Amino acid sequence: GPSHGEVIITADGPCLVEMNCRAHGGDGNWRSLARALNGGYSQVEVTIDAYLDKQQFSTIPDTPCSPPKGSGQEVLLVSYSQGIVKSTPGFDVIRNLQSFVYMETN
């Protein structure tokens with residue numbers, strides 16, 4: 001099944017944050033990126049196919065494609081300041097990018 005791991009690289013070396021038997025979170029907004037990188041599938045589709053569509057599951061390669069078939073990233077913006085956000089200049093530019101998938105602002 002799916003697995004999820006998080007590591008933070010610190011000045012003292014890597015620090016394991018999480019290793020769990022679950023799919024990556026983020027409301028699934030990363031799935032389109034995963035499908036682009038792997039050639040059309042993510043851990044969500046593969047897990048479902050493992051249980052419900054054995055024929056489709058058998059078409060998944062044993063190892064991910066190399067080099068990846070695409071590139072991209074998930075960006076998390078965090079503010080450590082208190083107050084009320086009055087405007088978000090630039091968000092309209094980001095939303096209009098051809099590669100834009102999803103933005104959560106609350």
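**Exercise 1.** Which helices each supply at least two residues of the lining of the second largest pocket?

*Solution.* Keep in mind that you're looking at a predicted model.
- Step 1: Start with the space itself, which has a volume of about 210 Å³.
- Step 2: Look at what surrounds it. The second largest pocket is lined by 13 residues, and G1, Q43, V46, T47 and F57 lie nearest its centre.
- Step 3: Now match residues to elements. Helix 1 and helix 2 (43–52) are the ones that each give at least two residues to this lining.
- Step 4: Pick out the main contributor. Helix 2 has the largest share, with five residues.

**Exercise 2.** Sort the lining of the second largest pocket by residue class.

*Solution.*
- Step 1: Count the nonpolar residues of this lining, and you get eight.
- Step 2: Count the polar ones, and you get five.
- Step 3: Hunt for charged residues, and you come away with none.

**Exercise 3.** Describe the largest pocket: its space, its lining and the elements that contribute to the lining.

*Solution.*
- Step 1: The largest pocket holds about 1,300 Å³ of space.
- Step 2: Its lining has 36 residues, and V75, L76, Y102, M103 and E104 are the closest to the centre.
- Step 3: Two elements give two or more residues to this lining, namely helix 1 (31–38) and helix 4 (91–95).
- Step 4: Helix 1 provides the largest share, three residues.
- Step 5: By class, the lining of the largest pocket splits into 17 nonpolar, 16 polar and three charged residues.

**Exercise 4.** Write down the secondary structure of the chain in order.

*Solution.*
- Step 1: Tally the elements, and you should find four helices and two strands.
- Step 2: Walk along from the N terminus, and the pattern reads β-β-α-α-α-α.

**Exercise 5.** How does the radius of gyration of the chain compare with that of a compact globule of 106 residues?

*Solution.*
- Step 1: For a compact globule of 106 residues, expect a value near 13 Å.
- Step 2: Put the chain beside that figure: the chain has 18 Å.
- Step 3: Picture the outline, too. Along the principal axes, the C-alpha atoms fill a box of roughly 55 × 40 × 25 Å.

**Exercise 6.** What percentage of the 106 residues counts as buried, and how much area does the chain expose?

*Solution.*
- Step 1: Use the cut-off for buried, which is under 20% relative accessible area.
- Step 2: With that rule, 11% of the 106 residues count as buried.
- Step 3: Turn to the surface. The chain exposes about 8,900 Å², and carbon and sulfur atoms supply 55% of that area.
- Step 4: Finish with contacts. Among those with a separation of 6 or more, 32% come from residues 24 or more positions apart.

Notes: Residues are numbered from 1 along each chain as its sequence is written. This is a predicted model: local features need pLDDT of at least 70, side-chain atom pairs count only at pLDDT 80 or more; totals for chains, interfaces and linings use all residues. Side-chain values use heavy atoms; hydrogens and water are left out. On a 1 Å grid over the protein atoms alone, a cavity is a set of points where a 1.4 Å probe fits but cannot get out, and a pocket is an open set with protein on both sides within 12 Å along at least five of seven lines; lining residues have an atom within 4 Å of a point. Grid points are joined across faces, edges and corners, and a volume is the space filled by probe spheres set on the points. Ala, Val, Leu, Ile, Met, Phe, Trp, Tyr, Cys and Pro count as nonpolar, Asp, Glu, Lys and Arg as charged, and the others, Gly among them, as polar. The radius of gyration is taken over C-alpha atoms; the globule rule is 2.2 Å times the number of residues to the power 0.38. Buried means under 20% relative accessible area, exposed over 50%, partly exposed in between (1.4 Å probe, protein chains only). Contact means heavy atoms within 4.5 Å. Accessible areas come from the Shrake-Rupley method with a 1.4 Å probe; for residues, only the protein chains shown count as cover.
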